[in-house]
Amino acid sequence: MMRAMSSSLLLSAVRRAHASAQPPRLTRLVLHPPKAVEVEFSDGCNFNLPAEFLRVYSPAVDSKIRTIGGEKVISGRRHVGIMSAEPVGNYGVRIIFDDLHKTGIYTWNYFYHLGANKFTLMRSYIKLLKKHSLSRDPQRRK
């Protein structure tokens, strides 16, 4: 009896944990062109995501990405701007950047992931650039 009860409690706990593992619902999205997107979620989290950060972590497969030693590296996007955004179904948005990148679809779950991990992801990006002697700044034209 005790074993059956214990496994029942464990199963219940696992179900609750799984249900809570689902990202919260998006409740607000505000475009602040050219610099950022602000997103707010049902759990009260509010994230301000800069254009450079969104461009670097675009979910699109892009031919403008350099591959160095098997690592995908996007550099020179410090001053990239957001021109506009288009809704994609009821699950995401396509952001159009002023470097003409427009193929990434940012889902609500992906926005939450980016916001919740913004500082870690940005730190990793900067370390990757330094590792390959690249810069966040665009290359100067000759």
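Here is a walk through this structure, from the whole chain down to a few single residues.

Let us begin with the overall picture. What you see is a predicted model, and its mean pLDDT is 85, with 80% of the residues reaching 70 or more. That confidence is not spread evenly: helix 1, residues 2–21, has the lowest mean, at 52, whereas strand 3 has the highest, at 98. Over residues 1–5 the pLDDT stays under 50, and the model gives this stretch zero contacts beyond four places in sequence. Please keep that in mind when you look at the start of the chain.

The protein chain contains four helices and eight strands. Read from the N terminus, the elements follow one another as α-β-β-β-α-β-β-β-β-β-α-α. Of the 142 residues, 33% are buried. The accessible surface comes to about 9,400 Å², and carbon and sulfur atoms account for 56% of it. If you take the contacts between residues at least 6 apart in sequence, 48% of them join residues at least 24 apart.

Now turn to the sheet made by strands 1, 2 and 3. These three strands form an open sheet in the order 1-2-3, with antiparallel pairing. Its edges are strand 1 (26–32) and strand 3 (46–50), each of which pairs on one side only. Neighbouring strands here are turned by 15 degrees against each other on average, direction ignored. In general, the strands of a sheet pair through backbone hydrogen bonds, in either a parallel or an antiparallel way.

You can follow the pairing strand by strand. Strand 1 is joined to strand 2, residues 36–41, by six bridges, and one place to look is His32, whose bridge partner in strand 2 is Ala36. On the way to strand 3, Ala36 stands opposite Pro50, and five bridges join strand 2 to strand 3. Strands 2 and 3 form a hairpin with four residues between them, and in its turn Gly44 has a positive phi of about 95 degrees. Strand 3 also has two faces to compare: Phe47 and Leu49 lie on the covered one, while Asn46, Asn48 and Pro50 lie on the uncovered one.

Further along the chain there is another open sheet of three strands, this time in the order 6-7-8, and its pairing is antiparallel. The edge strands are strand 6 and strand 8 (105–107), and each pairs on one side only. From one strand to the next, the twist averages 30 degrees. Helix 3 packs on this sheet, where it touches strand 7 and strand 8, and its direction makes about 80 degrees with that of strand 8.

Within this sheet, strand 6 (residues 82–88) and strand 7 (residues 92–97) pair over six bridges. Two places to find this pairing are Ser84, which stands opposite Ile96, and Glu86, which stands opposite Arg94. The two strands form a hairpin with three residues between them, and Gly89 takes a positive phi near 55 degrees there.

Helix 3 deserves a closer look. Which of its residues are buried? They are Phe111, Tyr112, Leu114 and Gly115. These residues cover an arc of only 165 degrees around the axis, which puts them on the same side of helix 3. A general rule helps here: an α-helix has 3.6 residues a turn, so residues three or four places apart point the same way.

Finally, let us visit two residues outside the strands and helices. Pro59 is found in the loop between helix 2 (51–56) and strand 4 (66–68). Is Pro59 buried or partly exposed? Its relative accessibility is 37%, so Pro59 counts as partly exposed. Leaving aside residues up to four places away in sequence, Pro59 touches Gly104, Ile105, Tyr106 and Tyr110. Pro59 and Thr107 are 48 residues apart in sequence, yet their C-alpha atoms are 9.2 Å apart in space.

The other residue is His132, in the segment after helix 4 (118–131). His132 has a relative accessible area of 19% and is buried, because buried means under 20%. Beyond residues up to four places away in sequence, His132 touches Ile68, Glu71 and Val73.

Technical notes. Residues are numbered from 1 along each chain as its sequence is written. This is a predicted model: local features need pLDDT of at least 70, side-chain atom pairs count only at pLDDT 80 or more; totals for chains, interfaces and linings use all residues. Side-chain values use heavy atoms; hydrogens and water are left out. Two strands pair if DSSP finds at least two bridges between them. Axes are lines fitted to C-alpha atoms, for helices over the stretch in contact, and angles run from 0 to 180 degrees between N-to-C directions. Buried means under 20% relative accessible area, exposed over 50%, partly exposed in between (1.4 Å probe, protein chains only). The arc is that of the directions from the helix axis to the C-beta atoms. Contact means heavy atoms within 4.5 Å. Accessible areas come from the Shrake-Rupley method with a 1.4 Å probe; for residues, only the protein chains shown count as cover. pLDDT is the predictor's confidence in each residue, from 0 to 100.
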